[in-house]
Amino acid sequence: MLGAMMLTSPRQICAGAWLFGTLLGLVLLGEATLGADWAALGERIAATPAWVWATTALTWAGALALRAWRLQREWLPRRALAFADSLGLSVAHLAVHAALPVRFREASYVRLLHRRAGIPLERAALSLVWLRWQDLTVGLAFGAALLLPLESATRVAAAALVLLVGAVVLPQRARRTG
């Protein structure tokens, strides 16, 4: 009987791992929220102004749309990738981020690009590096704009310089040498 229940194909193994991870996540969520004050949470949610919810939703939608646009622009010269397909990839990757541990999230981006858009694995991995480079550039620009102990105009200039170097200069040099 146990032999009949063995997972043999990669698809069955993935489904089993997903099911196990989901069940484990639900158990951990139940443990973490045991004894939570749900009434207080409900009051806080109800007290939050509608504009905050709308701004949050628009920010998420904008971030997903920008990521989809970036994906489409990255692959447009080599492959016709419709905006809807890029948006679907972005939403799927966001869903994976909510469900998987950190390292699997990164691998899922490469796998999603390969399976859904037909991008070769090595090119999809380079796309991930480029995505993370963009994240780093934006983070450094925000850090320069908000945290440098300089005058406001100098911080803004430093942030613009970080964006210029990180988004234009270094990628152009990398394309020429690689």
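Helices in these views are DSSP runs of H or I that span at least four residues, and they are numbered from the N terminus. With that in hand, helix 4 is the element that holds Gly-88. Please keep in mind throughout that the model is predicted.

**View 1. Gly-88 in helix 4 is shown with Leu-64.** Gly-88 has a relative accessible area of 27%, so this glycine is classed as partly exposed. Its C-alpha atom sits 9.4 Å from that of Leu-64, and 24 residues along the chain lie between the two positions as a sequence separation.

**View 2. The largest cavity is framed by its lining residues.** When the whole structure is searched, one cavity of 30 Å³ or more turns up. The space in the largest cavity comes to about 50 Å³. Its lining is made up of Arg-67, Leu-71, Leu-89, Ser-90, His-93, Tyr-109, Leu-112 and Leu-113. Helix 3 (50-75), helix 4 (83-99) and helix 5 (102-117) are the elements that each give two or more residues to this lining. Sorted by class, five of the lining residues are nonpolar, two are polar and one is charged.

**View 3. His-93 of helix 4 is shown with the residues it touches.** Is His-93 buried or exposed? Its relative accessible area is 2%, which means that His-93 is buried, the cut-off for that class being under 20%. Setting aside neighbours within four places in sequence, His-93 is in contact with Arg-67, Arg-105, Ser-108, Tyr-109, Leu-112 and Arg-132. Readers coming from the previous view will recognise His-93 as one of the residues lining the largest cavity, along with Arg-67, Tyr-109 and Leu-112.

**View 4. The largest nonpolar core is centred here on the residues with the most contacts inside it.** This core has 15 residues, and the ones with the most contacts inside it are Leu-71, Trp-75, Leu-89, Tyr-109, Leu-113 and Ile-119. Helix 3, helix 4, helix 5 and helix 6 (121-147) each supply two or more of the core residues. Helix 5 gives the largest share, with five residues. In soluble globular proteins, nonpolar side chains tend to be buried together. For a look at one member, follow Leu-113: beyond its neighbours within four places in sequence, Leu-113 is in contact with Leu-71, Trp-75, Leu-89, Gly-118, Ile-119, Ala-124 and Ser-127.

**View 5. Leu-131 of helix 6 is shown with its contacts.** The relative accessible area of Leu-131 is 2%, so Leu-131 is buried. Once neighbours within four places in sequence are left aside, the contacts of Leu-131 are Arg-67, Arg-70 and Tyr-109. A longer line in this view can be drawn to Ala-95, since the C-alpha atoms of Leu-131 and Ala-95 are separated by 17 Å, with the two residues 36 apart along the chain.

**View 6. Glu-106 in helix 5 is paired with Arg-132.** Which side chain makes a polar contact with that of Glu-106? The partner is the side chain of Arg-132, at 3.1 Å. Not counting residues up to four places away in sequence, Glu-106 touches Leu-128 and Arg-132. Glu-106 counts as buried because its relative accessibility is 19% and the class covers values under 20%.

**View 7. Two residues of helix 1 (residues 10-32), Pro-10 and Gly-21, close the series.** Pro-10 has a relative accessibility of 63% and therefore counts as exposed. Between the C-alpha atoms of Pro-10 and Leu-148 there are 50 Å, and the two residues are 138 apart along the chain. Gly-21, at 38% relative accessibility, counts as partly exposed. The C-alpha atoms of Gly-21 and Pro-101 are 9.9 Å apart in space, and these residues are 80 apart in sequence.

Notes:
Residues are numbered from 1 along each chain as its sequence is written. This is a predicted model: local features need pLDDT of at least 70, side-chain atom pairs count only at pLDDT 80 or more; totals for chains, interfaces and linings use all residues. Side-chain values use heavy atoms; hydrogens and water are left out. On a 1 Å grid over the protein atoms alone, a cavity is a set of points where a 1.4 Å probe fits but cannot get out, and a pocket is an open set with protein on both sides within 12 Å along at least five of seven lines; lining residues have an atom within 4 Å of a point. Grid points are joined across faces, edges and corners, and a volume is the space filled by probe spheres set on the points. Ala, Val, Leu, Ile, Met, Phe, Trp, Tyr, Cys and Pro count as nonpolar, Asp, Glu, Lys and Arg as charged, and the others, Gly among them, as polar. Buried means under 20% relative accessible area, exposed over 50%, partly exposed in between (1.4 Å probe, protein chains only). A polar contact is a pair of N or O atoms within 3.5 Å; within protein, one must be able to donate a hydrogen and the other to accept it, and residues adjacent in sequence count only if both atoms are side-chain atoms. Contact means heavy atoms within 4.5 Å. A nonpolar core is a set of buried Ala, Val, Leu, Ile, Met, Phe, Trp, Tyr and Cys residues joined through side-chain atoms within 4.5 Å.
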